[in-house]
Amino acid sequence: MSANHSVFVLSQDGKPLTPTTPVRARKLLKAGVAQKVWSKFGTFGIQLLTSSRQEISLTTAGVDHGTKYEGYAVVCGGENVLAVKLDLPDKKQIVRKLEERRTLRRARRHRTCRRRPARFDNRTRPNGWLAPSQAVIVGSRIKVLGELFRCYPITIVGLEDVRFNHSKHRWGANFSTVEIGKALIRQCILAHGSQLYNFAGYDTKELREQYGYRKTKDKAADRFESHCSDALALAVEVGPKQRVEPGRFVVVDDTYRPVRRKLHDTQAAKGGVRASYSRGTVFGLRKGLLVGAANGKRGRLCGEYRGGYRYYDEHGKRQSTRRLTWVSSQFIRRG
């Protein structure tokens, strides 16, 4: 493969094929043998409308897990077709909401109102059980992996296996966040028919230095060097085993979690009327969707306001609009 294979390709039945160049994609669209599609990362691709060859180039992926930020890289042939930096959901915010919900539920049991009985016999945890705060983070990782597998024919995955000796050191709370749910991540990768290779943290560092990728200490920076350099090193090691120049870079922000419901307001409203924000939808649309307002601005849907829509703009400020011009279920991106 030469450079600039930035357009992902899907077959007639939706299976991922080797990416192509923008020039060839335009020719296929003009000939009427392909149609336009977009990934949830906002990247452009095409889907063929006729049968084609199923041969694909060696496509590998590297995954560098973290507590708040993570890196993903896809290498097809000798080119890095996509690198993704993922901002994970805020675990502290999720735990705070869970504690608040538990407090409200317990307080409600002392009121003379209709309520469900207390259930103290449901403490047996089934196999594969995850705490809700951890399940949100693991689910965010699986969503990104699923979209990568949908767009690219990944056959080999290099995964950094995070391990920590909790009996020897007691300051490994952050490592626990990364370690929990590793089995589900592996199951997700193997379910797509890909081979999986695990690497220790020191292996990732050696590979990054071997292939000459730089890494910054600022893990929150929206730069390739923050996390994707490690992911690219892993993808190269299980694939071509020679340096590949960094390619397209996107930042996916999955930190936002809309208010779904509350068992009861923290302070009951006058007349016992619950606020409308406790619903998970706004006029039939799910909260958190990417929307476009009539004034040309875009943001994520968060509620309603005086018969219209309310959304968070790119600066995190709430805005309102009477009409939406478009709605998308893509990931929220920065840059």
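The exercises below, each with a worked solution, deal with a predicted model of a protein chain.

**Exercise 1. Describe the chain as a whole before turning to its parts.**

Solution. Begin with the secondary structure, which comes to seven helices and 18 strands. Next take the extent of the chain, whose C-alpha atoms fill a box of roughly 70 × 60 × 35 Å along the principal axes. Then consider burial, for which 42% of the 335 residues count as buried. Finally, look at the contacts with a separation of 6 or more, of which 61% are accounted for by residues 24 or more positions apart.

**Exercise 2. Determine how helix 2 and helix 3 are oriented, and which residues bring them into contact.**

Solution. The first step is to locate the elements, with helix 2 spanning residues 91-108 and helix 3 spanning residues 132-151. Their axes come within 9 Å and cross at roughly 140°. Since angles over 145 degrees would count as roughly antiparallel, the two helices are therefore classed as oblique to each other. The handedness of this crossing is right-handed. On the side of helix 2, the residues in contact are Lys91, Ile94, Val95 and Leu98, and these meet Pro132, Ser133, Gln134, Val136 and Ile137 of helix 3. Sorted by class, the contact has six nonpolar, two polar and one charged residues.

**Exercise 3. Carry out the same analysis for helix 3 and helix 5.**

Solution. Helix 5 covers residues 182-191, and its axis comes within 10 Å of that of helix 3, with a crossing angle of roughly 15°. Because angles under 35 degrees count as roughly parallel, helix 3 is roughly parallel to helix 5. Here, too, the crossing is right-handed. From helix 3, Val138, Arg141, Ile142, Leu145 and Phe149 meet Leu184, Ile185, Cys188 and Ile189 in helix 5. In terms of class, this contact has eight nonpolar residues, no polar ones and one charged residue.

**Exercise 4. Classify two of the aromatic pairs and state which parts of the chain they tie together.**

Solution. A search of the whole structure finds seven aromatic pairs. In one of them, the ring centres of phenylalanine 224 and phenylalanine 249 are 6.3 Å apart and the planes stand at 75°, so the pair is edge-to-face. Phenylalanine 224 belongs to helix 7 (residues 224-237) and phenylalanine 249 to strand 10 (residues 249-253), so this pair ties together parts that are 25 residues apart in sequence. As for accessibility, phenylalanine 224 counts as buried at 10%, whereas phenylalanine 249, at 25%, counts as partly exposed.

Another pair is that of tyrosine 256 and tyrosine 312, which is also edge-to-face, with 5.8 Å from centre to centre and 65° between the planes. Tyrosine 256 lies in the loop between strand 10 and strand 11 (281-282), while tyrosine 312 lies in strand 15 (residues 308-312), so the parts tied together are 56 residues apart in sequence. With a relative accessibility of 26%, tyrosine 312 counts as partly exposed.

**Exercise 5. Place alanine 131 in the chain and decide whether it is buried, partly exposed or exposed.**

Solution. Alanine 131 is found in the loop between helix 2 and helix 3. Its relative accessible area is 24%, and because buried means under 20% and exposed means over 50%, alanine 131 is partly exposed. As a last step, relate this residue to arginine 163, 32 residues apart from alanine 131 along the chain: the two C-alpha atoms are separated by 19 Å.

Key:
Residues numbered from 1 in each chain as written. Predicted model: local features only at pLDDT ≥ 70, side-chain atom pairs only at ≥ 80, totals over all residues. Heavy atoms only, no water. Axes fitted to C-alpha atoms, helices over the stretch in contact; angles between N-to-C directions. Helix = DSSP H or I, 4+ residues; strand = E, 2+ residues; numbered from the N terminus. Parallel < 35°, antiparallel > 145°, perpendicular 65-115°, else oblique. Left-handed = near helix turned anticlockwise from the far one by under 90°. Contact = heavy atoms within 4.5 Å. Nonpolar A, V, L, I, M, F, W, Y, C, P; charged D, E, K, R; others polar. Phe/Tyr/Trp six-rings, centres within 6.5 Å; stacked < 30°, edge-to-face > 60°. Buried < 20%, exposed > 50% of the residue type's maximum accessible area, 1.4 Å probe, protein only.
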